[in-house]
Amino acid sequence: MEKGKLLIIGGNAAGMSAASQARRTDPDLDITVIEQSPHISAASCGLPYFISGEIKDINSLIVRTKEYFEKKRNIKVLTLTKAVRIHPSSKSVETLNIVNGAKADIAYSRLIIAVGGSAVKSDSGKGIFTLRNIEDGLALKQFIDSSSPLTAAVIGGGMIGLETASSFRKLGMKVTVFEGGSSILPGFDSEISVLLEKYLMENNMEILKSKAVVSPSPSGGVDIKTPSQSYHYDMVLLTTGTKPSAALASAAGCELGETGAVRTNQKMQTSIPSIYAAGDCVEVKHLVSGKNIYMPLGTTANKTGRVAGINAAGGDERFRGITASSAGNVLDMTVAKTGLSEEDAREAAGEILSSVSESTSRSGYYPGSSKIITKLIFSKISGQLLGAQMMGKEGVAKRIDVLAVCIHQKMKLREIAGLDLTYAPPVTPAWDPVLKAVNSALLKIKK
């Protein structure tokens, strides 16, 4: 590329990964990152564990500081600086200093948009919170420490909502989760979501399947109204999902996809060749269904940022897509998935089958062994694995990783059944839960 300036809008996972890879690709490139918050390179996925107190210092969630990037990697970082408008014709970005109101135009040769996503629902008011960034985490933690709430509601039964609800329970609060859909854990099948719901209720967490309207209470605290009843809580956390922050890119003329997120090619290049995009503001290809999806995950943000940074600095790299792998800890239970759900697999692959099996995390006779439930979704015709979901107290996430590799490689059940997986009584039974689940699934194909 022409020697010039790389400008990156957004200083978290995707943006700073892009900046780092761009520097490795071109040691002499002029690189500037602008970020509207005070912090960069923040591990927001760790916030629920800061709230619970398992992570004591929020600064430990700052992976790299502004000073590190400037001194060690020669990357200029402008925090508390907002990108107001992109001008592709003049290759410049209007910026606003949030502290003093100063405006400036920053020129670029190549631009990377990595502005992330935002909460779908962001009602404001005392005692009502979201949890997407360091500032949100500090505000929520300060409220808990100063007000000592006894009751809390979480609006949204997705992974972040359940992880933070778990944090509230660990702090001794009485917790209710309101889920507007038919089940918690959207994207998981009922064989897993129903089991987790039962587990949560057994551990004194209330789950209510209802739409909820949240408002600050005149008498203090927060009121919640459902179609059938009213409730009152000391505090409420809104976790009703994430939407892509695509307005800046769209206003510049970048094409958006059907998901509402920025559309890119495999080089993370937008419809404007000099502009790239990465992270929670872009859609990505699902490697099993072939469809473009919006699935904001820290892993994907880092990977797409890496590819965008390499290419914007003159390299040649591709991001081919994801199998949509994810995991989360809820109290002391782990749930994880990869590939397609049963409903999505039926739409994508036609005739499918599924199986559910039960195994143990260690040899049954070894102390501490616990139950693992596994669901597999696979093609009835070819036996190709299309999706996997798992729940248990230990050893779940890494076993899902094995199945994610199998899905990525388009492996069939009979091929997976031949995998040489490890065995040691303290960590796995002789028939690993992966192999036991696959053998159980094969019985359905043989019928």
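Trainee: Which residue of β6 stands opposite T95?

Mentor: This is a predicted model, in which local features need pLDDT of at least 70, side-chain atom pairs count only at pLDDT 80 or more, and totals for chains, interfaces and linings use all residues. Residues are numbered from 1 along each chain as its sequence is written, and side-chain values use heavy atoms, leaving out hydrogens and water. Strand β5 covers residues 92-97 and strand β6 residues 103-107 (strands are DSSP runs of E, at least two residues, and helices runs of H or I, at least four, numbered from the N terminus). Opposite T95, in β6, stands A104.

Trainee: How many bridges join β5 and β6?

Mentor: The two strands pair in the antiparallel sense (pairing requires at least two bridges found by DSSP). Together they form a hairpin with five residues between them, and G101 in the turn has a positive phi of about 80°. The number of bridges over which β5 and β6 pair is five.

Trainee: Which strands stand at the edges of the open sheet of five strands?

Mentor: The open sheet has the order β9-β16-β10-β11-β12, with parallel pairing. An edge strand has a single partner, so one side of it is left without a neighbour in the sheet. The strands in that position are β9 (128-129) and β12 (205-209).

Trainee: Which residue of β16 stands opposite F129?

Mentor: β9 is joined to strand β16 (residues 235-238) by two bridges, and the two strands run parallel. Within β16, the residue opposite F129 is L237.

Trainee: How far apart are the end C-alpha atoms of α8?

Mentor: Helix α8 covers residues 298-312. Its 15 residues should span 21 Å at 1.5 Å a residue (the expected span is 1.5 Å times one less than the number of residues). The model agrees with this expectation, because the end C-alpha atoms of α8 lie apart by 21 Å.

Trainee: Which strands and which helix help to cover the buried residues of α8?

Mentor: The buried residues of α8 include T300, A301, T304 and G305 (buried means under 20% relative accessible area with a 1.4 Å probe and protein chains only; exposed means over 50%, and partly exposed lies in between). Further along the helix, V307, A308, G309, I310, N311 and A312 are also buried. What covers these buried residues includes β1 (5-9), β7 (110-113), β18 (275-277), β19 (284-285) and the helix α1.

Trainee: What phi does G314 take?

Mentor: G314 comes just after α8. Its phi is positive, at about 105°.

Methods
Axes are lines fitted to C-alpha atoms, for helices over the stretch in contact, and angles run from 0 to 180 degrees between N-to-C directions. Contact means heavy atoms within 4.5 Å.
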